[in-house]
Every structure is written in C-alpha cells, then in structure tokens.
Amino acid sequence: MKQNVMKRLILLGTFIALAAGSAFAHHGWSEYQADKPLDLSGTIEQAGYEQPHGFVRLKTAGKTWLVVLAPPSRMESRGLPPDKLVPGQKASVHGYPHRSKGDELRAERITIEGKTTELR
C-alpha cells in the first residue's frame with residue numbers, strides 16, 4: 001500500500017514538473033524586444049502549423065529568420081490557413097526580435113498575398 005502511494009506521489013511530482021517546464025517555455029515573451037519592432041519581407045523557406053506556435057523560416061535579403069507565429073487555432077480563426085504558409089510564398093512580417101537569438105522574431109502580424117493577419 002505504501003509503495004502505491006509513493007509511486008503516485010512520484011508520478012504526480014513528475015507531471016507537475018513537466019507542466020511547469022512547458023508553461024515556462026511557452027510564456028517567454030519577455031525575451032523579445034517590444035521596444036525595437038522590425039519589418040521583414042522575404043520568401044518562406046519552411047513552415048510549421050503546429051502547437052504551441054506556428055513558425056516560418058523567412059529568407060530575407062540579409063539572412064534567414066525564424067519567425068514565431070500564433071497558435072494554429074488563432075491563425076485559422078483569423079483567416080490564415082496552413083495552405084498559405086508554404087515554401088516559396090512571399091511574406092512580410094512585423095514583430096519583435098529576440099534579445100539573445102539574433103535570427104528569431106516574434107510576429108505581431110503577417111502579410112501574405114496582400115492579406116494581413118493580426119497574430120496577437
């Protein structure tokens with residue numbers, strides 16, 4: 001009986017630790033410089049329409065950026081379906097650069113084929 005209780009406590013502790021780690025990783029918006037917005041335009045090289053956030057790798061004139069987007073459900077509800085985020089597609093984004101990752105940007109909005117989608 002004691003062993004079962006201990007196993008349950010260990011499992012519960014593990015679950016709480018994993019959930020806390022996921023929440024911490026997910027809510028790192030303070031790592032982006034909201035006081036230094038950037039506008040980037042380029043070509044999508046790779047895209048992911050996945051949880052917790054979608055992304056595109058956007059090739060600009062200067063470099064390729066990892067652009068962090070909104071969760072898929074938000075993009076879908078705001079009119080940005082996955083078939084718009086495809087390699088070769090031209091896109092423009094407005095967002096905030098990461099403080100320590102020089103090639104990462106958190107997007108506030110994305111424009112594809114003349115249609116702008118607010119992501120936040």
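Is E104 buried or exposed, and what is its relative accessible area? Keep that in mind while working through the exercises below, which all use a predicted model.

**Exercise 1. Work out the burial state of E104 and of its salt-bridge partner.**

Step 1: E104 has a relative accessible area of 8%. The cut-off for buried is under 20%, so E104 counts as buried.

Step 2: Now find the partner. K101 forms a salt bridge with E104, and the closest N and O atoms lie 3.9 Å apart. The rule asks for a side-chain nitrogen of Lys or Arg within 4 Å of a carboxyl oxygen of Asp or Glu, so this pair passes.

Step 3: Check K101 in turn. Its relative accessibility is 43%, and K101 therefore falls in the partly exposed class, in between 20% and 50%.

**Exercise 2. Take the R106 and R109 salt bridges and sort their residues by exposure.**

Step 1: Start with R106, which pairs with E108; here the closest N and O atoms are 2.7 Å apart. R106 comes out at 11% relative accessibility, so it is buried. E108 is buried too, with a relative accessible area of 14%.

Step 2: Move on to R109, whose salt bridge is with E118, the closest N and O atoms being 2.9 Å apart. R109 is partly exposed at 30%, and E118 is also partly exposed, with a relative accessible area of 39%.

Step 3: For the overall tally, the count of salt bridges comes to four.

**Exercise 3. Place Q89 in the fold and list what it touches.**

Step 1: Get the layout first. The protein has two helices and six strands, and along the sequence they follow the pattern α-β-β-β-α-β-β-β.

Step 2: Now drop Q89 into that layout: it sits in the loop between α2 (72-77) and β4 (90-97).

Step 3: Is this loop residue, Q89, buried or exposed? Its relative accessible area is 16%, so Q89 is buried.

Step 4: Look for the contacts. Setting aside neighbours within four places in sequence, Q89 touches G42, T43, I44, K84, I112 and E113.

**Exercise 4. Zoom out to the whole chain.**

Step 1: How many of the 120 residues, as a percentage, count as buried? The figure is 33%.

Step 2: For the surface, the protein exposes about 7600 Å², with carbon and sulfur atoms supplying 58% of that.

Step 3: Finish with the contacts. Taking those with a separation of 6 or more, 53% join residues 24 or more positions apart.

Methods. Residues numbered from 1 in each chain as written. Predicted model: local features only at pLDDT ≥ 70, side-chain atom pairs only at ≥ 80, totals over all residues. Heavy atoms only, no water. Helix = DSSP H or I, 4+ residues; strand = E, 2+ residues; numbered from the N terminus. Buried < 20%, exposed > 50% of the residue type's maximum accessible area, 1.4 Å probe, protein only. Contact = heavy atoms within 4.5 Å. Areas by Shrake-Rupley, 256 points an atom, 1.4 Å probe, with all protein chains shown as cover.
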